[in-house]
There are 12 protein chains.
Amino acid sequence: MDRVYKKIELVGVSTVSYEDAVKTAVEKAAATLHGLSWFEVTEQRGRISEGKIAEYQAVIKVAFRID
Amino acid sequence: MDRVYKKIELVGVSTVSYEDAVKTAVEKAAATLHGLSWFEVTEQRGRISEGKIAEYQAVIKVAFRID
Amino acid sequence: MDRVYKKIELVGVSTVSYEDAVKTAVEKAAATLHGLSWFEVTEQRGRISEGKIAEYQAVIKVAFRID
Amino acid sequence: MDRVYKKIELVGVSTVSYEDAVKTAVEKAAATLHGLSWFEVTEQRGRISEGKIAEYQAVIKVAFRID
Amino acid sequence: MDRVYKKIELVGVSTVSYEDAVKTAVEKAAATLHGLSWFEVTEQRGRISEGKIAEYQAVIKVAFRID
Amino acid sequence: MDRVYKKIELVGVSTVSYEDAVKTAVEKAAATLHGLSWFEVTEQRGRISEGKIAEYQAVIKVAFRID
Amino acid sequence: MDRVYKKIELVGVSTVSYEDAVKTAVEKAAATLHGLSWFEVTEQRGRISEGKIAEYQAVIKVAFRID
Amino acid sequence: MDRVYKKIELVGVSTVSYEDAVKTAVEKAAATLHGLSWFEVTEQRGRISEGKIAEYQAVIKVAFRID
Amino acid sequence: MDRVYKKIELVGVSTVSYEDAVKTAVEKAAATLHGLSWFEVTEQRGRISEGKIAEYQAVIKVAFRID
Amino acid sequence: MDRVYKKIELVGVSTVSYEDAVKTAVEKAAATLHGLSWFEVTEQRGRISEGKIAEYQAVIKVAFRID
Amino acid sequence: MDRVYKKIELVGVSTVSYEDAVKTAVEKAAATLHGLSWFEVTEQRGRISEGKIAEYQAVIKVAFRID
Amino acid sequence: MDRVYKKIELVGVSTVSYEDAVKTAVEKAAATLHGLSWFEVTEQRGRISEGKIAEYQAVIKVAFRID
């Protein structure tokens with residue numbers, strides 16, 4: 001029953017929303033890792049250009065099981 | 001003029017967005033408590049299934065007035 | 001190459017979403033300040049009225065370059 | 001000798017001082033709970049009206065023994 | 001699929017170990033609440049008497065599903 | 001209904017008490033700013049002189065509405 | 001011009017107020033240490049007895065110059 | 001004498017104790033990495049099933065030297 | 001009724017468990033100090049040697065009454 | 001004897017060192033503000049370009065007296 | 001425009017200064033990773049030997065773009 | 001193999017740099033204590049005089065073994 005997960009830290013960037021920024025990061029992780037299990041949002045930032053929000057940046061930790 | 005509020009901690013879960021996860025928790029609280037006044041988001045997490053975001057989890061504190 | 005940025009702290013309020021609350025604060029800042037460069041979300045709160053979310057409040061720090 | 005305490009989070013509001021705000025919250029808790037044992041102040045805030053402090057708000061955790 | 005959990009904060013006290021202090025708190029919670037799902041240890045303290053550890057105190061948050 | 005507040009950080013110093021230190025800072029802010037709405041105490045410090053408390057220092061954030 | 005300060009951590013207990021709890025701790029420190037310079041309040045707690053505040057506890061760090 | 005360590009974040013899960021959860025994670029790391037040097041426990045959580053602690057979860061950072 | 005406690009910070013090291021690491025530190029403090037009253041665990045770390053946990057390190061604050 | 005300080009948050013950027021980044025920010029502040037009194041470093045970051053540190057970024061709070 | 005960065009945590013050790021400790025870590029990372037973009041200093045520690053600073057240890061997070 | 005370290009908190013002040021401020025504090029500690037082992041920087045502040053940095057202040061914890 002004992003098992004181990006690894007957490008990695010990613011920054012997803014999106015022009016649309018924080019949900020989309022998280023999705024971008026999670027799907028990038030899923031492209032190379034199996035067994036993704038949960039994520040935690042640790043920071044929300046963004047870039048401003050010409051007085052408008054140019055991008056949403058979500059810093060997340062993604063956990064996956066290590067076999 | 002003196003008064004007292006109580007804060008409780010809830011975790012709302014939604015398949016749609018963080019706003020929806022907060023809404024789910026607030027409306028559940030409103031079903032049994034009167035005088036809900038404000039909330040504070042303290043954590044944002046989520047579950048991943050088959051490489052995609054399966055649910056958004058918002059941890060919130062909800063405050064309501066005690067008579 | 002040396003330069004200096006100033007960060008100010010704003011609270012944006014919106015009836016729609018946290019992205020909209022951030023946008024409201026950033027655009028208000030852009031009305032009087034030039035060189036806005038990035039922002040950081042430091043708190044997410046909200047007001048409840050009659051058991052429903054009445055407004056989303058996003059506390060952000062906005063950074064702009066000082067000439 | 002093993003025992004369990006529960007902590008609840010309250011916000012006391014007073015027009016006088018922080019000590020009075022804490023007292024307001026503790027006495028409200030004491031009206032319905034027995035065995036109150038200690039408290040911890042976690043936040044101190046206040047409301048301003050017409051340029052003056054209108055009220056002191058003390059956020060506290062109150063612990064009481066569960067039988 | 002949307003659902004809501006509530007978290008309560010407890011302090012378990014044991015003369016044996018931190019695991020036992022957590023167990024004491026979880027089992028007390030289980031006596032009156034259904035659907036306990038997870039816990040988080042937020043503080044570890046203890047009392048000293050005559051130069052020896054007299055008790056272990058574990059502050060935990062316990063989450064359970066609200067129907 | 002959308003609106004924006006700005007928070008500024010002040011340190012009030014008083015020889016009397018923390019409530020007086022906060023009051024000193026809030027009233028100084030009120031002398032030049034309109035629409036002060038709330039404050040948050042973020043630090044409490046003090047100076048000692050000849051073994052006695054010489055002054056109370058309250059670090060606060062003061063929020064006011066931007067039109 | 002180089003110099004060094006040491007900080008020690010004390011808990012002052014008073015039946016009157018937090019200012020008095022800090023004063024109790026500072027004056028105790030002053031009885032054996034010279035060159036006390038400043039203090040920082042790091043926690044505010046209290047004991048409750050029979051539903052009323054029985055004592056105010058202020059955790060402070062006190063700094064003094066080392067010759 | 002200059003050197004570099006890398007820290008990775010793991011979650012060890014055990015049905016026995018926190019020490020065993022940490023051991024599970026450290027030994028999993030040791031199976032593929034050389035030069036493990038120290039660890040830091042950053043979170044302690046657990047799962048509850050039928051009113052009893054079903055597993056202990058220790059979140060740790062493990063550091064190892066990079067050649 | 002007014003009184004003062006001092007807190008000191010210790011790191012206990014044990015090859016057995018965190019409870020034993022805390023015990024090692026508390027008993028060392030008790031060898032030279034009277035009136036030890038409580039402790040708080042602030043960090044849990046450890047050393048790894050040849051892929052196994054070589055020691056548990058518990059950072060604690062120990063409080064004792066000053067007469 | 002009562003007085004008030006204001007703290008502003010700046011980010012100094014330097015290609016040389018953190019001390020130089022702080023100096024850049026403090027001197028920029030001194031160009032338009034009188035009575036600068038102290039600063040606090042709250043974050044240290046940097047930009048990397050082609051595998052080398054391209055700039056040091058020091059986030060500081062600068063305090064000055066308000067008359 | 002959407003993109004993803006990964007952050008890794010490193011500890012650079014130098015006998016000279018914190019800037020040198022950061023440089024040591026960044027250059028080690030650059031030896032195997034492309035697209036290093038920024039870093040954040042999260043801890044500053046050091047080792048003492050025979051009463052003198054023997055080494056500076058900088059814990060940093062380094063971010064690089066994932067293609 | 002079991003052993004105990006004590007940590008004390010010092011503030012080193014230097015007109016030159018943070019490394020020098022840390023060195024000042026460590027060497028002061030070494031003048032009266034044996035077995036100094038490591039230090040942790042917990043705060044970096046400074047004093048400004050006539051618009052220039054007048055001193056660097058490093059708050060550190062210094063650990064030494066207790067026999």
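How many residues of chain J are in contact with how many residues of chain C? Select both chains: 15 residues of chain J meet eleven of chain C, contact meaning heavy atoms within 4.5 Å.

Before going further, note that this is a predicted model, where local features need pLDDT of at least 70, side-chain atom pairs count only at pLDDT 80 or more, and totals for chains, interfaces and linings use all residues. Residues are numbered from 1 along each chain as its sequence is written, chains are lettered from A and ligands numbered from 1 in the order in which they are written, and side-chain values use heavy atoms, with hydrogens and water left out.

Stay with chains J and C, which bury about 1200 Å² between them, 53% of it on carbon and sulfur atoms; buried area is the accessible area (1.4 Å probe) that two parts lose on being put together, summed over both. Now pick Glu9(J), Val11(J) and Lys28(J): these lose the most area to chain C on the chain J side, together 47% of what that side buries.

Next, show Glu43(J) and Lys7(C). They form a salt bridge with the closest N and O atoms 3.6 Å apart, one of three between these chains (a side-chain nitrogen of Lys or Arg within 4 Å of a carboxyl oxygen of Asp or Glu).

Finally, move to chain A and select Tyr18(A) and Tyr56(A). Both are buried (under 20% relative accessible area, 1.4 Å probe, protein chains only).

Terms used. Buried < 20%, exposed > 50% of the residue type's maximum accessible area, 1.4 Å probe, protein only.
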